[in-house]
Amino acid sequence: MDLKSGYPWWAIRNGLLRAFPPLQRDLRCDVAILGGGITGALVADEFARHGHDVAVLEQRDIAWGSTAASTALLQYEIDTPMVELAKRHGEAAAVLAYRACAEAIPMLGQLAGQLRGTGFARMGSLYFASRRRDVGDLREEFALRLRHGLDVEWLPADAVQARYGFEAPAAILSRLAATVDPYRMAHGLFARLVKQGAGVFDRTRVEAIEAAPRGVRLRTTEGHVLRAKHLVLAAGYANQQWLRKPVARNRSSYAFVTDPIDAGVLGPLRETMLWETARPYLYMRATDDGRLLVGGEDDAIDIPARRDARVDRKAHALMKKVQKMFPELPLQPTFAWAGTFAETADGLPFFGPHPQHGPRVQFAMAYGGNGITYSMLGAGLLRALVERRRHPLAELFSFDRIA
């Protein structure tokens with residue numbers, strides 16, 4: 001799949017950090033992981049740290065797919081509000097999902113702290129009402145989160161104006177969020193895995209997967225065979241090619257990043273990410289070198305040539321929206337890009353086996369707006385399934401909920 005357009009900031013900033021060899025021989029391992037992005041990195045790290053022999057296969061360069069185009073907002077807040085999720089799956093399930101995502105952020109911070117240059121930083125998250133008619137639903141969302149112990153603060157319009165300098169009818173301020181450079185974090189995790197003896201292979205395309213009761217056999221286009229006890233499909237939005245029936249809709253999201261902005265001008269945006277109730281929503285966050293990264297303008301385009309042609313126009317539309325909110329900010333896009341992402345019907349990911357492939361093949365489909373947070377949770381969930389242990393999220397994140 002062609003997953004990105006334009007000039008994604010992480011790829012421009014970092015370039016090709018390191019090279020990994022293609023697979024040039026037959027191989028055996030405990031857990032094979034197909035996909036070398038941030039999801040594959042988190043999954044591989046989880047298994048390796050707990051004694052499993054892992055091998056990672058990536059058809060491109062490592063982290064060069066959707067990871068390079070990610071805007072990497074780390075939130076416990078799911079694209080589907082807790083109130084709506086409770087209506088779909090029950091309040092207990094909604095609370096479980098939100099609390100689990102909240103627990104994932106410090107876990108990601110701890111992991112990022114073991115690596116160099118990931119740009120991990122704790123942030124606040126301001127979820128603001130786009131229109132006056134959204135205030136009632138937003139207040140209901142605030143009340144439900146507060147009742148279940150999440151650290152949130154209600155801000156009326158005058159408080160939003162005084163503290164953040166723009167007009168909005170109301171907002172929820174959450175103090176638990178973070179940002180990261182996902183490209184560097186993925187590379188750091190894979191480099192550490194190699195030092196520990198794991199196999200990480202890029203530019204290796206798998207053309208066939210054969211699952212059997214006691215293991216999985218993968219054959220590459222070069223004719224090499226990898227035999228594993230278990231396989232994790234962590235190929236991002238390309239995962240759906242291994243399913244006869246799609247479980248999510250591919251869409252495109254657009255983003256741009258500015259030149260570094262003076263800290264005094266950037267103000268509270270240095271430490272607070274913003275996103276809104278409208279769908280598709282506008283969002284923005286600062287980078288560790290003081291740039292403003294802005295995203296949104298999502299559409300249903302999944303044709304690379306059409307997505308390519310829209311990047312500049314979408315970046316301009318995003319810039320105009322932010323200029324209206326913050327007319328004092330210098331907002332000329334320095335680099336603009338688009339990337340494929342996938343939406344599930346309820347905003348939740350899929351982690352675990354699918355009936356089509358049997359119990360030896362696990363899917364890691366961290367779809368939705370907070371994919372990195374989901375991937376952190378999913379890594380532990382998949383290890384529990386492979387080790388035949390119970391996990392509290394196994395049912396909620398399984399394919400059974402759409403059966």
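**View 1. Packing of helix α4 in the predicted model.** The buried residues of α4 pack against two helices, α5 (91–112) and α6 (135–147). Helix α4 covers residues 82–89, and its buried residues are M82, V83, L85 and A86. These residues line one face of the helix, because they fall within an arc of 165 degrees when seen down the axis of α4. G90, just after α4, has a positive phi of about 100 degrees.

**View 2. Surroundings of E91 in helix α5.** E91 counts as partly exposed because its relative accessibility is 34%, a value between the 20% limit for buried and the 50% limit for exposed. Not counting residues up to four places away in sequence, E91 touches A86, L144, R147 and H148. With R147 there is a polar contact between the two side chains, at 3.2 Å. E91 and G369 lie 278 residues apart in sequence, and their C-alpha atoms are 21 Å apart in space.

**View 3. The largest nonpolar core.** This core has 89 residues, and the ones with the most contacts inside it are I33, L42, M185, V232 and F397. Helix α5 supplies the largest share of the core, 13 residues. A second core, separate from this one, has 33 residues, including A168, F256, V311 and A315.

**View 4. Contacts of L42.** Leaving aside neighbours within four places in sequence, L42 is in contact with L108, L111, M185, L189, I372, S375, M376 and A379. Both L42 and M185 are among the residues with the most contacts inside the largest nonpolar core.

Methods. Residues are numbered from 1 along each chain as its sequence is written. This is a predicted model: local features need pLDDT of at least 70, side-chain atom pairs count only at pLDDT 80 or more; totals for chains, interfaces and linings use all residues. Side-chain values use heavy atoms; hydrogens and water are left out. Buried means under 20% relative accessible area, exposed over 50%, partly exposed in between (1.4 Å probe, protein chains only). Helices (H or I, at least four residues) and strands (E, at least two) are DSSP runs, numbered from the N terminus. The arc is that of the directions from the helix axis to the C-beta atoms. Contact means heavy atoms within 4.5 Å. A polar contact is a pair of N or O atoms within 3.5 Å; within protein, one must be able to donate a hydrogen and the other to accept it, and residues adjacent in sequence count only if both atoms are side-chain atoms. A nonpolar core is a set of buried Ala, Val, Leu, Ile, Met, Phe, Trp, Tyr and Cys residues joined through side-chain atoms within 4.5 Å.
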